[in-house]
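Colleague: Could you take me through one part of this model in some detail? I would like to look at the place where the two chains meet, after a quick word on one of the partners.

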Amino acid sequence: MASPNTGVKEHSHGGDLPISRLDTHGSFDVAAFPVPTGREEEWRFTPLRRLRGLHDSDGAATGAVTVETQAPEGVSVETVGRDDTRLGRSFLPNDRVSALAYSAFSEATVVTVAKDTEVSEPVHVKVTGNSEGEAYGHILLRAESHSSATVVLEYAGSATYSDNVEYVVEDGARLTVISLQDWERDAVQVSHQYAKVGKDAKLTNFMITLGGDLVRISPSVRYAGRGGDAELHGLYFTGAGQHHEHRSLVDHDASNSRSRVEYKGALSGEDAHAVWIGDVIIGEGTQGTDSYEYNRNLVLTDGTRVDSVPNLEIFTGEVEGAGHASASGKLDDIHLFYLQSRGIPADEARRLVIRGYFAELINRIEIPDLRERIMDEVEEKLALHE
Amino acid sequence: MTKFEIRGLRADVLIGAEDREEILKGVDLTIDSGETHAIMGPNGSGKSTLAYAIAGHPRYEVTDGEVLLDGENVLEMSVDERARAGMFLAMQYPVEVPGVSMSNFLRSSVTAVRGEAPKLRTFSKEMQNAMKGLSIDPAFASRGVNEGFSGGEKKRHEILQLELLRPKFAILDETDSGLDVDALKVVSEGINRVKAETNVGVLLITHYSRILNHVKADHVHVFAKGRVAESGGPELADALESEGYERFVKAGA
Ligand SMILES: Nc1ncnc2c1ncn2[C@@H]1O[C@H](COP(=O)(O)OP(=O)(O)OP(=O)(O)O)[C@@H](O)[C@H]1O
Ligand SMILES: [Mg+2]
């Protein structure tokens, strides 16, 4: 199932230079990737039996999703077939599930923000599942050069769903993508979101994962020119029995590129499992890379599990800044004491502190309704375990 | 008329999972509303422990004794119930609570203590006035609770809360330390306003008689080795400042 794949070189650091352990080669050929067994580094945290076949099926879609869109003037939204030549040009699938999804989708959604166009109203793309069978999707978000836009990508309903989302941020463009995983409790999703950030372009991504039974998302960033900037923010609230896995990969393959990866989560309830893998590669021969990533987890009850793994690989000596941090802990009882000592009841004090923990991140979302909605949903989940 | 009584209070500091150490070794003290009692004593003698044990700090555990507010045992109440019953502690080291804005915190607190939510507009005004009275820049209202505040700024905000919450009984733990000369005056005036308007009983912990020139104490107690070692009038503060605590530390050693 080959696809037009021009403009993407096989992804390596060349010749006799060291090859990154993190930097997997990609392919559109499903057969190029063996079926995962769960022992592989990339799969060892994921409970494969709960994937309902997304990793080992034959790619026959037995389920379906509906895609609704809403776009302001200046943004075009199209539904296109598999043969649309704009698809699949910005990335190579980096695992079997991604390749399988690309081989199996039947319609794709293409959002294009025209060159030099600045839109302040957000574009909405809502994917809703209504059955349990496997469904596949593909979305291309393209911000043409020097354009500026915000896309809210929302997933809802019940589904067994796998998709690839391409973010193409051309030179000088600014694209904000808020991906909201607001599935019903029984949904399963594996999503690969591949960003290509152009010269002096800026990508801001918010990955908000609240719903589902199992959600595994792999956002990755490559730079197509100097001076690109990518901010990946993540927020998850993992409740009893849920598995939320975020695997970010930032490949600083161009000079003067900047990245910030900042994921904050909370876990509450028996068998809540959150996984964060943050891979950063600073490519050979690049200069002036500035990168920082961190992950924090707030553990609200017993019986939860957190796996948090930052990986940083540097192939050059000329780094401006690179660092990482990872921390997990409980609510600070001294914070609660202070609020309670001012008369605030214990449950409200907890809410305030947790709100405060997420507020800094949520407040960067520039859509007030969405900010409130996310905060309300966080509080709903919180109330379940009080 | 409110009566605040501490009777035979003993308390441990909880150090680790197994480890604890007795700090308060039988404290007795009675304070009537409208009165101000100063407590002075050497570093490490247990003054803050007394304040925290009364407030219900999770790192301390009361092992014996009673703390009564108008005959009601405060120690049987949860931390927030104590505050709603009319107790207040201005802490020596106020806690930073990131991400919770000062204005949101103050409104939640005032709502809880008064038992009903104040009207947004009225409360905003009340808060701004109180901030102005303590020379606090209005911009602090949108910052996180004590987040990155300087030592002196934190202390001013403790007194801001005192003014807004109007407790029956307040413990002020070294509110004067870390304040510059002007701030000491501003903060003392704040305390005096609350005293004049509400007849609050005050237990004022300090190392310096300087603040007692601004906030008049009716009684002064010397605290040493976990208990009240001597009590007297305002003149005791001056004696302590010139003589030090040597005689109390030695006694009964
Ligand atoms: N976590 C702890 N581990 C061991 N000792 C502790 C701990 N916390 C407090 N203490 C001890 O308890 C004693 C009383 O401390 P406290 O803070 O009450 O003193 P204080 O009289 O307020 O002193 P200062 O005038 O310096 O504020 C001190 O000796 C202190 O070291
Ligand atoms: Mg002290």
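Colleague: To set the scene, how much helix and how much strand does chain B have over residues 9-250, and how far apart are the end C-alpha atoms?

Modeller: Happy to, and please keep in mind that this is a predicted model. Over residues 9-250, chain B is 37% helix and 29% strand, and the C-alpha atoms at the two ends of that stretch lie 22 Å apart. The stretch comes from UniProt, where an unreviewed entry lists residues 9-250 of chain B under "domain: ABC transporter".

Now to the interface. On one side, 19 residues of chain A make contact, and they meet 32 residues of chain B. Together the two chains bury about 2,000 Å², with 68% of that area on carbon and sulfur atoms. Within chain A, the residues that lose the most area to chain B are A:Phe337, A:Tyr338 and A:Arg342, which together account for 40% of what that side buries.

A:Arg342 also has a charged partner: this residue forms a salt bridge with B:Glu158, and the closest N and O atoms are 2.7 Å apart. Between chain A and chain B the count is two salt bridges, and eleven residue pairs are in polar contact, both residues being at pLDDT 80 or more.

As for secondary structure, α2 (333-340) and α3 (346-362) of chain A each contribute at least two residues to the side that touches chain B. Sorted by class, that side of chain A holds eleven nonpolar, five polar and three charged residues.

Note on methods. Residues are numbered from 1 along each chain as its sequence is written. Chains are lettered from A and ligands numbered from 1 in the order in which they are written. This is a predicted model: local features need pLDDT of at least 70, side-chain atom pairs count only at pLDDT 80 or more; totals for chains, interfaces and linings use all residues. Side-chain values use heavy atoms; hydrogens and water are left out. UniProt positions are given in the numbering used here, feature names are shortened, and annotations may be inferred rather than shown by experiment. Helices (H or I, at least four residues) and strands (E, at least two) are DSSP runs, numbered from the N terminus. Contact means heavy atoms within 4.5 Å. Buried area is the accessible area (1.4 Å probe) that two parts lose on being put together, summed over both. A salt bridge is a side-chain nitrogen of Lys or Arg within 4 Å of a carboxyl oxygen of Asp or Glu. A polar contact is a pair of N or O atoms within 3.5 Å; within protein, one must be able to donate a hydrogen and the other to accept it, and residues adjacent in sequence count only if both atoms are side-chain atoms. Ala, Val, Leu, Ile, Met, Phe, Trp, Tyr, Cys and Pro count as nonpolar, Asp, Glu, Lys and Arg as charged, and the others, Gly among them, as polar.
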